[in-house]
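Some notes on the model follow, as numbered points. They deal with charged pairs, one loop residue and one helix packing.

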Amino acid sequence: MTTSRQPELGLFVTAVILTVIGLWMVLDTSYAQALYNPHLAHDPFFFVKRQALGAFIGFCTLSLLLYTDYRRLRVAAIPALLVGIGLLIAVHIPHVGIRMNGAARWIRLGPLSFQPSEVAKLCLILYVAARLSVPRLESQKEPRRSRRAKTAVSLEHLAPVLLVSLLYLMLIERQPDLGTAFVLFLTLLTQLFLAGVRKRHLLLFTGMIAFLVLITSLFGRASGNRQERILAFLHPQKDLQGIGYQIYHARLAVGSGEWTGLGLGNGREKYYLPQADSDFVFATYAEETGLVGVCILLVLFGIISWRGFAIARYTPDRFGALLAAGLTALITWQAIVNVAVASDSIPATGVPLPFISYGSTSLVLMLADIGLLMNIAQQAALSKQTAVEKISAPPTWEGSS
């Protein structure tokens with residue numbers, strides 16, 4: 001009896017399709033600005049070549065993680081946590097962090113630059129999975145009343161996770177990058193819920209985050225920008241050349257696609273949309289492929305979400321289950337938030353569309369997520385095969401004297 005060494009091939013194929021779509025959309029939305037930019041040597045393929053390099057590194061990382069037992073990552077949870085904190089602090093160090101448009105979200109290492117928050121998200125998900133998969137602490141104050149009480153995570157066990165998560169979210173928000181912090185918060189909330197955290201503790205965590213967001217939105221250095229985004233969301237027609245410009249053109253792009261779109265490469269709003277190749281790439285995709293293309297894209301993301309949570313459900317190892325749940329929740333929530341922003345369903349916030357938006361760091365980390373999910377599925381299948389072989393093995397009889 002044999003088991004495939006590469007289960008979840010459909011997950012891999014879906015990731016490949018999304019990456020190919022992403023490469024095309026990056027070329028489609030960036031070639032004009034690159035062609036007329038003297039700082040980029042008038043190279044229309046400048047951005048897509050960098051994205052292609054990210055795809056190559058990402059698939060190499062996927063292959064490496066596929067053939068490396070994910071359980072080895074458990075011992076790296078604490079070091080990874082510290083690395084994530086260090087990277088989030090390093091963006092504020094002069095000559096190390098890169099400040100663009102008033103935001104400190106990038107780090108430069110020689111000729112290379114990357115976004116630390118993308119790495120930090122994976123570090124925190126790994127830590128939460130490792131922390132909540134160790135034997136749970138029994139509370140001396142709470143009687144064992146029900147099966148739910150026995151399986152729920154105690155507050156003593158949960159407190160370090162909440163404190164570390166709060167620190168990560170605050171550091172990301174201070175960049176400022178509320179969009180990434182929001183996606184990470186939703187991911188953590190999903191991971192904690194599936195880990196068995198009590199509802200009152202989830203409400204406590206949510207309340208703490210909501211209070212901090214309210215305070216920073218009212219008094220933080222990015223408060224004016226966030227208030228403008230909310231006004232643009234509520235009244236996009238009020239100032240079409242100012243705060244409503246981006247949302248107006250995004251809505252125009254999505255609406256212009258109708259059923260089948262204007263055709264690949266024929267979109268018009270990409271010449272007017274700021275960040276058309278990154279945060280608002282979905283708007284151009286919807287304009288050129290229409291409702292049919294949008295449905296196909298949502299189905300592809302739905303496949304990743306479905307298979308990822310299925311892996312989490314059927315993985316017997318609690319660490320693997322929580323890690324798979326966190327990785328899947330990250331991809332799912334990030335896609336939902338990006339599509340919601342581009343379709344003017346929520347206020348604008350800078351969140352890339354997984355596998356599609358321009359950004360090598362995001363693409364590498366998304367493909368790494370897929371590699372980990374496939375590895376978890378593979379190890380679960382091998383464990384199941386070993387258990388079946390032990391059960392089905394014929395008994396051995398020893399002679400008696």
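1. Asp43 has a relative accessibility of 18%, so Asp43 counts as buried, the cut-off being under 20%. The model is a predicted one. Asp43 is paired with Lys49 in a salt bridge, and their closest N and O atoms are 2.7 Å apart.

2. The search of the whole structure gives 8 salt bridges. One of them joins Glu8 to Arg307, with 2.7 Å between the closest N and O atoms. Glu8 sits in the segment before helix H1 (9-35) and Arg307 in helix H11, so this salt bridge ties together parts that are 299 residues apart in sequence.

3. How accessible are Glu8 and Arg307? Glu8 has 16% relative accessibility and therefore counts as buried. Arg307 has a relative accessible area of 22% and is partly exposed, because the buried class ends at 20% and the exposed class begins over 50%.

4. Asp28 and Lys270 also form a salt bridge through their side chains, at 2.4 Å from N to O. This pair, too, links distant parts of the chain: Asp28 belongs to helix H1, Lys270 to the loop between helix H10 (245-256) and H11, and the two are 242 residues apart. Both Asp28 and Lys270 are buried. Through salt bridges that share partners, Asp28, Lys270 and Glu288 are joined into one network.

5. Pro316 lies in the loop between helix H11 (281-314) and H12. Is Pro316 buried or exposed? Its relative accessible area is 66%, so Pro316 is exposed, the cut-off being over 50%. Gln379 is 63 residues from Pro316 along the chain, and the C-alpha atoms of the two are separated by 10.0 Å.

6. Helix H12 (residues 318-342), which follows that loop, packs with helix H7 (residues 178-194). Their axes are 8 Å apart and make an angle of about 145°. The crossing of H7 and H12 is right-handed.

7. Which residues make this contact? From H7 come Phe182, Val183, Leu186, Thr187, Thr190, Gln191 and Leu194. On the H12 side they meet Leu322, Leu323, Ala325, Gly326, Ala329, Leu330, Trp333, Gln334 and Val337. Sorted by class, the contact of H7 with H12 has 11 nonpolar and 5 polar residues, and no charged residues.

Conventions
Residues are numbered from 1 along each chain as its sequence is written. This is a predicted model: local features need pLDDT of at least 70, side-chain atom pairs count only at pLDDT 80 or more; totals for chains, interfaces and linings use all residues. Side-chain values use heavy atoms; hydrogens and water are left out. Axes are lines fitted to C-alpha atoms, for helices over the stretch in contact, and angles run from 0 to 180 degrees between N-to-C directions. Helices (H or I, at least four residues) and strands (E, at least two) are DSSP runs, numbered from the N terminus. A crossing is left-handed if the near helix is turned anticlockwise from the far one by less than a right angle, and right-handed if clockwise. Contact means heavy atoms within 4.5 Å. Ala, Val, Leu, Ile, Met, Phe, Trp, Tyr, Cys and Pro count as nonpolar, Asp, Glu, Lys and Arg as charged, and the others, Gly among them, as polar. Buried means under 20% relative accessible area, exposed over 50%, partly exposed in between (1.4 Å probe, protein chains only). A salt bridge is a side-chain nitrogen of Lys or Arg within 4 Å of a carboxyl oxygen of Asp or Glu.
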